[in-house]
Amino acid sequence: MFESLKKKLSALRGKATEEPQQEPQPQAPAVAKEQPQTPRAAAAAVGDSGRKIDEKEVDELLWELELGLLESDVALPVIEEIKNGVREGLVGKRVDRKFTLDQVVEAALKNAIESVLKKSEFDFDGYVRSHEKPVVIMFVGINGTGKTTAIAKLSNRLQKMGLTTVLSASDTFRAGAIEQLNVHAERLGTKIIKHQSGGDPAAVAYDAVDHAKAKRRDVVLVDTAGRMQTNANLMDEMKKIKRVVRPHLMIFVGDSLAGNDAIEQAIAFDKAVGIDAVILTKIDTDAKGGAALSIANAIGKPIAFLSTGQEYEDIIKFDSKWMLDRLFSD
């Protein structure tokens, strides 16, 4: 997971390690090697005393950082934010001589990336628990991103929270979609509202919400047909579903392996119907990590969950610390 981005960040740290060899006092890195310091301690070591951090050194590192992040499909605005965070943390500052430049760069990088990731967090569980019932959640995205499976995983998660769910089979466009959702409903023991294939998807969603109100169910999960963001007719159909059931949450489901394409899709869907949060799927096989780092920043909406496998339990709440630990793990 995120192997490409991890290698780029690791290489950058390695490059920084080479710099102290040019210093006239070679004993400084040796001391740090014998007494490893935590990134937090290294960050605290940057201040007004010690060896001055050269601006040229930082700019060279930032150039390497930019190339590495671009190769990992990280969006340009995010790269600029990370670079600015590192630059502000290092340029013009001094660092205690017992720390290597490598340690200081790692601390600055972590702080900058953590700042980006913090904006991506969303307390889905708290939102659902505190919201008036039934909570209506509509899922959108293109074909093949794992949208229907993500809905089943969320239904399972909500049931384990003690909440009841109703599935709306509003993907009446694809022949096997209703059957696929029906299989999940039977396995999970939850109610599904479905019409015939080719029926009005907005009518299905309306009936699902009506059923939830009548039976006092907690959450309605509305599946929709996967569609390309460039198909105007199908996008109009989705707008109709939204007008009819007025969902409390619109969730975009994107394939993390699609990289920048997933970001462009999210932007298009947000413009067309409005998105409140994101679920990224196939994160367990995402070697680059660029989409996870960029998508929330690109549309200004948080990441609710990451889908990490094929089982119902393989969905985790997005947590900036979780992702940061994986990006900087050895």
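This tour moves through a predicted model, one selection at a time.

**The whole chain**

Begin with everything displayed as a cartoon: the protein has 14 helices and eleven strands, and buried residues make up 52% of its 330 residues. If you then draw the contacts with a separation of 6 or more, 80% of them are accounted for by residues that stand 24 or more positions apart.

**The nonpolar cores**

Select Ile82, Val86, Leu90 and Ile113 and show their side chains; within the largest nonpolar core, which holds 66 residues, these four touch the most other members. Helix H6 supplies the largest share of this core, with nine residues. Another core, of 28 residues, lies apart from it, and to find that second set you can select Val128, Ile178, Val219 and Ile279, which are among its members.

**Helix H5 and its partner H13**

Turn next to helix H5, residues 76-90, and select Glu80 and Lys83, which both lie in this helix, three residues apart, or about one turn. Their side chains meet in a salt bridge, with an N to O distance of 3.6 Å. Is each of the two partners buried or exposed? Glu80 has a relative accessibility of 34% and therefore counts as partly exposed, whereas Lys83, at 15%, counts as buried because the limit for that class is under 20%.

Keep H5 on screen and add helix H13, residues 290-299: the two helices pack with their axes 8 Å apart and at an angle of about 100 degrees, so H5 and H13 are roughly perpendicular to each other. To see the contact itself, show Pro77, Val78, Glu81 and Ile82 on the H5 side, and Leu293, Ser294 and Asn297 on the H13 side. Ile82 thus appears here in the helix contact as well as among the four residues that touch the most other members of the largest core.

**Ile263 in helix H12**

With H13 still shown, select Ile263, which is found in helix H12, residues 260-273, and which is buried, with a relative accessible area of 3%. Leaving out residues up to four places away in sequence, Ile263 touches Ala75, Ala291, Ser294, Ile295 and Ala298. A distance label is also useful at this point, since the C-alpha atoms of Ile263 and Ala296 are separated by 8.7 Å, while the two residues are 33 apart along the chain.

**Ser120 and the loop between H6 and H7**

From Ala296, move across to Ser120, which has its place in the loop between H6 and H7. Which residues does Ser120 contact, leaving aside its neighbours within four places in sequence? They are Ala296, Pro302, Ile303 and Phe318. Ser120 is buried, with a relative accessible area of 2%.

Asp123 is the next residue to select, together with Lys317, because the side chains of this pair meet in a salt bridge at 3.5 Å, N to O; Asp123 lies in the loop between helix H6 (101-118) and helix H7 (124-130), and Lys317 in strand S11 (residues 315-317), so the pair ties together parts that are 194 residues apart in sequence. Asp123 counts as partly exposed, at 42% relative accessibility, and Lys317 also counts as partly exposed, at 34%.

**Further salt bridges**

A search of the whole structure finds 16 salt bridges, and two further places are worth a selection. One is helix H14, residues 320-327, where Lys321 and Asp325 lie four residues apart, about one turn of the helix; their side chains meet in a salt bridge of 3.0 Å, N to O. Lys321 is exposed, with a relative accessible area of 51%, while Asp325 is partly exposed, at 37%. The other selection takes in Glu55, Asp59 and Arg87, which are linked in a network of salt bridges.

**Helices H8 and H9**

For the last stop, select helix H8 (residues 147-160) and helix H9 (residues 177-188), which pack with their axes 10 Å apart and at an angle of about 20 degrees, and which are therefore roughly parallel. Their crossing is right-handed. On H8 the contact is made by Thr148, Thr149, Ile151, Ala152, Ser155, Asn156 and Gln159, and on H9 by Gln180, Leu181, His184 and Leu188.

Technical notes:
Residues are numbered from 1 along each chain as its sequence is written. This is a predicted model: local features need pLDDT of at least 70, side-chain atom pairs count only at pLDDT 80 or more; totals for chains, interfaces and linings use all residues. Side-chain values use heavy atoms; hydrogens and water are left out. A salt bridge is a side-chain nitrogen of Lys or Arg within 4 Å of a carboxyl oxygen of Asp or Glu. Buried means under 20% relative accessible area, exposed over 50%, partly exposed in between (1.4 Å probe, protein chains only). A nonpolar core is a set of buried Ala, Val, Leu, Ile, Met, Phe, Trp, Tyr and Cys residues joined through side-chain atoms within 4.5 Å. Axes are lines fitted to C-alpha atoms, for helices over the stretch in contact, and angles run from 0 to 180 degrees between N-to-C directions. Angles under 35 degrees count as roughly parallel, over 145 as roughly antiparallel, 65 to 115 as roughly perpendicular and the rest as oblique. A crossing is left-handed if the near helix is turned anticlockwise from the far one by less than a right angle, and right-handed if clockwise. Contact means heavy atoms within 4.5 Å.
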